[in-house]
Amino acid sequence: MRDLAVALDIGTRKICAIVAEVRPADIFIVGVGIEPSSGMKKGVVNDMGQLTAAISAAVHKAEKSSGFDIQRAFVSVAGSHIHGQNSRGAVGISEKRGVNLDDLDKAMEHARAIAIPHNREVLHVIPRSYSLDGQERVRSPLGMHGFRLEVEAHIITAASSSVANLEQSVQAAGVQVDQFILNPLASGEAVLTEQEREMGAVIIDIGGGTTDLAIFIEGVVWHAAVIAIGGDLLTSDITHWMHVPFDVAEAVKIHHGHAQQRAVDPLEKFLVEPFGDGLPIEVQRSQLAEIIELRVAELFEMVRKEIKRSGYEGLLRAGAVITGGSSQLPGLKEIAARELGCPVRLAKPEKLTGMADALRNPSYSTGVGLLRMGLQMEGMGSRVAAPNTASQPGKKLGQVIGGLFRRLLPDNTNG
Ligand SMILES: Nc1ncnc2c1ncn2[C@@H]1O[C@H](COP(=O)(O)OP(=O)(O)OP(=O)(O)O)[C@@H](O)[C@H]1O
Ligand SMILES: [Mg+2]
């Protein structure tokens, strides 16, 4: 039996369902369904009926292209309701034996037991580092001797109502949520190299409604946040400036947009068809770039502040890696480097085989990362079934990201 997994990236702009076989060296795409999104605003649900219809359409396409019936999926979450905080948990080790997986679990449980307001829930608990009898920054305490094990963890919480609305919309489309996964963790998993994660890097996924970021240091996530601004705000800016409908402004952005005014020829002009049958308007491309540059700079200023707020700005030796649909805007990389003051790389999903053509685009980093992360969290298992097989609701929230830890362990202590 093949190990298959399903990812469902519910974006503000598009919904992407992917059925894949995850193999040691790559991800083999078995089926894909992509559909324009509807009923989402800034990463949260604002119309469940519309969203359910859009999810159903994407899922049906993925079912048709893969030939499998989708019952469960790893589902993305974003929105400015996401919040991360650090916590510590400790456990005493009474017997004279090495630290085992039970001890790690108990320490994590204690770290997780922080006071969380009743209207929020834990999305992820990520072990950052351990200390054993006061020896700090032990990466893998498994098998080591000591009396007191402490874990430093990053706890990511979400507004319960936002998560419930998303879950209900997915379920109404006939799919159970296998696991909710925060967008930037998934995108980071898809596009960051092992070396970047080790050296320290921030992944920035700029979509339509949100900009999601996560800081990876020493191989694991130390901080994550969602900023409720994405590329759609650039389109809105153009709408207001040119007095044209959103779809015209979107086409202008895609075909003529540039985020760095000084890279645009000041004499370059283009024509835009306005409302109705009015005469085409002539627009100076560098003026368009001026407007876009202001907004893009403002966005990266917010990203910079969030990185500063995390306290890890000095630790990002591999710089920033940018993905998401909006990363395709020409000049954006240069403005990012200027505002963030670090090296910047643009990235999209790699190492895909099978029906992967549509996914080799920065818009699909989250979807591809959901597959990788979901499988790390739960171990390999089939997420698709023949029609009429009963589905089994599983753990959805608050899963410890053991995979991020396990990956760092030598094989002989794994499990
Ligand atoms: N070639 C391009 N140049 C500039 N912007 C682009 C380009 N192609 C797509 N975009 C923008 O990318 C955005 C959509 O990106 P993406 O597909 O990653 O969003 P999403 O995942 O649906 O949204 P979110 O993650 O914010 O909920 C839109 O704002 C779109 O205008
Ligand atoms: Mg997205």
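User: By class, how many residues in the lining of the largest cavity are nonpolar, polar and charged?
Analyst: This is a predicted model, and the classes are counted over the lining of its largest cavity. One residue there is charged and three are polar. The nonpolar residues of this lining number six.

User: Which residues line the largest cavity?
Analyst: This cavity has a volume of about 60 Å³. Among its lining residues are Ile206, Ile229, Gly230 and Gly231. The list also includes Leu234, Arg295, Val296, Leu299, Ser326 and Leu332.

User: Which helix gives the largest share of the lining of the largest cavity?
Analyst: The share in question is three residues. They come from the helix that spans residues 285–310, α8.

User: How many cavities of 30 Å³ or more are there?
Analyst: The largest cavity, at about 60 Å³, passes that cut-off. With a threshold of 30 Å³ or more, the count comes to three.

User: How much space lies in the second largest pocket?
Analyst: This pocket has a lining of 34 residues. Its volume comes to about 610 Å³.

User: Which residues of the lining lie nearest the centre of the second largest pocket?
Analyst: The lining divides into ten nonpolar, 16 polar and eight charged residues. Nearest the centre lie Gly207, Gly208, Gly325, Ser326 and Ser363.

User: Which element gives the largest share of the lining of the second largest pocket?
Analyst: Strands β1 (4–10) and β7 (72–77) each give two or more residues to this lining, as do α6 (232–242) and α7 (246–256). The largest share is three residues, and it comes from α7.

User: Within what arc do the buried residues of α7 fall, seen down its axis?
Analyst: Ala249, Glu250, Val252 and Lys253 are buried in α7. They line one face of the helix, because seen down the axis they fall within an arc of 160°.

User: Which residues are exposed on the other side of α7?
Analyst: Exposed means over 50% relative accessible area. On the side of α7 away from its buried face, three residues meet this: Asp247, Ile254 and His255.

User: Why do the buried residues of α2 line one face of the helix?
Analyst: Asp103, Leu104, Ala107, Met108 and Ala111 are buried in α2. Seen down the axis, they fall within one arc, so they share a face. That arc is 135°.

User: How far does α2 reach from its first C-alpha to its last?
Analyst: Helix α2 covers residues 101–112, which is twelve residues. At 1.5 Å a residue, 16 Å is expected. The model comes close to that, at 16 Å.

User: Which residue caps the N-terminal end of α2?
Analyst: The cap is made by a side-chain oxygen. It lies 3.1 Å from the backbone nitrogen of Asp102. The oxygen belongs to Asn100.

User: Which residue caps the N-terminal end of α1?
Analyst: Helix α1 has 19 residues and reaches 26 Å, close to the 27 Å expected. At its N-terminal end, a side-chain oxygen lies 3.1 Å from the backbone nitrogen of Gly49. That oxygen comes from Asp47.

User: Is Ser66 buried or exposed?
Analyst: Ser66 sits in helix α1, residues 48–66. Buried means under 20% relative accessible area. Ser66 is at 13%, so it counts as buried.

User: Which residue's backbone oxygen does the side chain of Ser66 reach?
Analyst: The contact is at 2.9 Å. The partner is also one of the buried residues of α1. The backbone oxygen belongs to Ala62.

User: What phi does Gly67 take just after α1?
Analyst: Gly67 follows directly on the helix. Its phi is positive, at about 80°.

Technical notes:
Residues are numbered from 1 along each chain as its sequence is written. Chains are lettered from A and ligands numbered from 1 in the order in which they are written. This is a predicted model: local features need pLDDT of at least 70, side-chain atom pairs count only at pLDDT 80 or more; totals for chains, interfaces and linings use all residues. Side-chain values use heavy atoms; hydrogens and water are left out. Helices (H or I, at least four residues) and strands (E, at least two) are DSSP runs, numbered from the N terminus. The expected span of a helix is 1.5 Å times one less than its number of residues. Buried means under 20% relative accessible area, exposed over 50%, partly exposed in between (1.4 Å probe, protein chains only). The arc is that of the directions from the helix axis to the C-beta atoms. A polar contact is a pair of N or O atoms within 3.5 Å; within protein, one must be able to donate a hydrogen and the other to accept it, and residues adjacent in sequence count only if both atoms are side-chain atoms. On a 1 Å grid over the protein atoms alone, a cavity is a set of points where a 1.4 Å probe fits but cannot get out, and a pocket is an open set with protein on both sides within 12 Å along at least five of seven lines; lining residues have an atom within 4 Å of a point. Grid points are joined across faces, edges and corners, and a volume is the space filled by probe spheres set on the points. Ala, Val, Leu, Ile, Met, Phe, Trp, Tyr, Cys and Pro count as nonpolar, Asp, Glu, Lys and Arg as charged, and the others, Gly among them, as polar.
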